[in-house]
Amino acid sequence: MPGMIDRRPARPLRSMPALLAAMACALLAGCGTPARPLESSLTDMESLQLRSWLSPQLRRNIDLLPVSGGQETSRWWGSRINAMTLNQTYQESLRRLGLMPDVPDTGRYQLQVEVLALAQPNVPVLPEVAISVRYTLTERAAGGGKVLYQRTLRTTQKAGVDDSLNPSEQLRIATEAALRNNIADLIRDLASLSLPA
């Protein structure tokens, strides 16, 4: 009725919890945190396990061409992998596996690496990251060598609270692990190749 006061308790806004969660995430996230090369590379333990599978023809015989597809990390949010980090990551991984020649540009094979996509969530809560990388291994020859292996590999990694309480750090850790998983999948594929002696 007109003039009467409604004494029912006010209903909370349905979107309020979501808004508070988003604000908390934004405060915790801080700025973007770029991926780091050593943390993105194969670990010593992974390298030891994978090295035993590799063909003797590959040892000290793979030259890495400049890696493409790097992106700079935004100052506000995200965890990208820039070109320098990508190159350092792959060089370190190949070195740990004993695949890079002692003298650059003397290997029998050349490895081309192209990062095609890096998918990261907009909401940084327990993020899952996916990365797609195209690999091409060719035999070194004047005028272009024979393609021995070409494949696009997609790997994912999810980070949790055990990794870090900071969502920005969780995203960086998941990004580094997704790339590391991708490199490990590549090495397993190369180990199964039938190469001429």
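**Entry 1: Thr-138**

I looked up the burial of Thr-138 first. Its relative accessibility is 16%. The cut-off for buried is under 20%, so Thr-138 counts as buried. I am working on a predicted model, and I keep that in mind throughout.

Next I asked where Thr-138 sits. I found Thr-138 in strand β3, which covers residues 128-139. Then I listed its contacts, leaving out residues up to four places away in sequence. Thr-138 touches Arg-108, Tyr-109 and Gln-110. It also touches Gly-145, Lys-146, Val-147 and Leu-148.

**Entry 2: the sheet**

I traced the sheet that holds β3. It is open, has 4 strands and follows the order β1-β2-β3-β4. The pairing is mixed. Which strands are at the edges? I noted β1 and β4, each pairing on one side only. From one strand to the next, the twist averages 25°.

I then checked how β2 and β3 are joined. They run antiparallel, with 10 bridges between them. I picked out one pair: Glu-114 has Arg-134 in β3 as its bridge partner.

**Entry 3: helices on the sheet**

I turned to the helices. α4 packs on the sheet and touches β1, β2 and β3. I read an angle of about 165° between the direction of α4 and that of β1. α5 lies across β1, β2, β3 and β4. Against β4, α5 runs at about 150°.

**Entry 4: the nonpolar core**

I looked for the largest nonpolar core and found 39 residues in it. Which residues have the most contacts inside it? I wrote down Leu-58, Tyr-90, Leu-111, Tyr-135, Leu-137, Ile-187 and Leu-190.

I sorted the core by element. At least two residues each come from β1 (62-64), α4 (83-96), β2 (109-119), β3, β4 (147-158) and α5 (167-191). α5 gives the most, with 9 residues. In soluble globular proteins, nonpolar side chains tend to be buried together.

I followed Ile-187 further. Beyond its neighbours within four places in sequence, Ile-187 is in contact with Leu-42, Leu-50, Leu-54, Leu-97 and Leu-99.

**Entry 5: Lys-158**

I finished at Lys-158, which is found in strand β4. How far apart are Lys-158 and Ala-177 in space? I got 8.6 Å, C-alpha to C-alpha. In sequence they are 19 residues apart.

I also listed what Lys-158 touches, not counting residues up to four places away in sequence. The list is Leu-126, Pro-127, Glu-128 and Ala-174.

Notes
Residues are numbered from 1 along each chain as its sequence is written. This is a predicted model: local features need pLDDT of at least 70, side-chain atom pairs count only at pLDDT 80 or more; totals for chains, interfaces and linings use all residues. Side-chain values use heavy atoms; hydrogens and water are left out. Buried means under 20% relative accessible area, exposed over 50%, partly exposed in between (1.4 Å probe, protein chains only). Contact means heavy atoms within 4.5 Å. A nonpolar core is a set of buried Ala, Val, Leu, Ile, Met, Phe, Trp, Tyr and Cys residues joined through side-chain atoms within 4.5 Å. Two strands pair if DSSP finds at least two bridges between them. Axes are lines fitted to C-alpha atoms, for helices over the stretch in contact, and angles run from 0 to 180 degrees between N-to-C directions.
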